[in-house]
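Hi everyone, thanks for making time for this one. I'd like to walk you through a single model, so please have the viewer open and follow along.

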Amino acid sequence: MSRSHLVLRALLALSSLGLVGLVYAVGGGTLLLAVPLVLLTAWVLARPESVLVILLVVGHAIHWVTSAPVPQGWAGWTWLLLGAWLVLLLHLSASAAVTWPSVAPVPRAALRRWGQRAGVVALATVPVWAVAAVTRDQSLRGEASMTYVALAGLTLLGGALYLVARQSPLTRR
């Protein structure tokens, strides 16, 4: 296995185990779910092309939702953003590990392109996270203004991503 693939697998392991640890760090965690996630991580490291990667990501989501407390204050919301970025890293490293043969090094240009796209997605989660964090204490009755702000932001973000993808020479065929 090439060194770049070893790095991808290490990122996969660190992000998955980091998600398990993050749930415990925020004051939650269920051993009944954490142990299978750790075992599933080991399996996915050996076979990142299996459909068990989906089960691993869904398992992390279930572990977070059932174990982590509802975010209170900015510290809780920051942990939530970190968790979202770890899920992105888990998905990205697993996808990259199966895209190229494990004996060949991953091309630097491809890593740069994947990194840029992951950076866009990571940055795109920040406005959504910020709107959710700011509106966490608002009443649902009569407070539709932030909903409109969120919808407008998502529309602008979707349009920007469409334009970036449309102008990219790699997407033209």
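Let's begin with Ser-2, which sits in the segment before H1. One thing to say right away is that this is a predicted model. So, is Ser-2 buried or exposed? Its relative accessibility is 9%, so Ser-2 counts as buried. And what does Ser-2 touch, once we set aside residues up to four places away in sequence? The partners are Ser-102, Val-103, Ala-104 and Pro-105.

Now let's zoom out for a moment. The protein has 6 helices and 0 strands, and along the sequence the pattern reads α-α-α-α-α-α. Of its 173 residues, 30% count as buried. If you like contact maps, here is a number for you: among contacts with a separation of 6 or more, 74% are between residues 24 or more positions apart.

Next, the helix packing, starting with H1 and H2. These two pack at an angle of about 175°, and their axes are 10 Å apart. At that angle, which is over 145 degrees, H1 is roughly antiparallel to H2. On the H1 side the residues involved include Leu-12, Ser-16 and Tyr-24, and they face a set in H2 that includes Leu-37, Thr-41 and Val-44. Sorted by class, this contact has 12 nonpolar, 2 polar and 1 charged residues.

The second pair is H3 and H4. Here the angle is about 170° and the axes are 10 Å apart, which makes H3 roughly antiparallel to H4. H3 brings Val-53, Leu-56, Val-57, His-60 and Trp-64, while H4 brings Trp-79, Leu-80, Val-87, Leu-90 and Ala-94. What does this contact look like by class? We get 9 nonpolar, 1 polar and no charged residues.

That takes us to the core. The largest nonpolar core has 17 residues, and Leu-12, Val-44, Leu-56, Trp-64 and Leu-90 have the most contacts inside it. Which helices supply it? At least two residues come from each of H1 (3-25), H2 (31-46), H3 (52-67) and H4 (73-99). H1 gives the largest share, with 5 residues. There is also a second, separate core of 5 residues, and among its members are Leu-8, Ala-96, Trp-100 and Val-106.

Do click on Leu-56 when you have a second. Not counting neighbours within four places in sequence, Leu-56 is in contact with Ser-16, Leu-37, Leu-40, Thr-41, Val-44 and Leu-90.

Another serine to look at is Ser-15, found in helix H1. With a relative accessibility of 0%, Ser-15 counts as buried. Beyond its neighbours within four places in sequence, the contacts of Ser-15 are Leu-86, Leu-89, Leu-90 and Ser-93. If you want a distance to check in your viewer, Ser-15 and Thr-41 lie 9.8 Å apart, C-alpha to C-alpha, with their positions 26 residues apart in sequence.

Finally, the electrostatics. How many salt bridges does a search of the whole structure find? The count is 1. It joins the side chains of Arg-47 and Glu-49, at 3.4 Å from N to O. Why does Arg-47 count as partly exposed? Its relative accessibility is 40%, and partly exposed covers the range between under 20% and over 50%.

That's my tour, and I'm happy to take questions.

Methods: Residues numbered from 1 in each chain as written. Predicted model: local features only at pLDDT ≥ 70, side-chain atom pairs only at ≥ 80, totals over all residues. Heavy atoms only, no water. Core = buried A, V, L, I, M, F, W, Y, C linked by side-chain atoms within 4.5 Å. Buried < 20%, exposed > 50% of the residue type's maximum accessible area, 1.4 Å probe, protein only. Helix = DSSP H or I, 4+ residues; strand = E, 2+ residues; numbered from the N terminus. Contact = heavy atoms within 4.5 Å. Axes fitted to C-alpha atoms, helices over the stretch in contact; angles between N-to-C directions. Parallel < 35°, antiparallel > 145°, perpendicular 65-115°, else oblique. Nonpolar A, V, L, I, M, F, W, Y, C, P; charged D, E, K, R; others polar. Salt bridge = Lys/Arg side-chain N within 4 Å of Asp/Glu carboxyl O.
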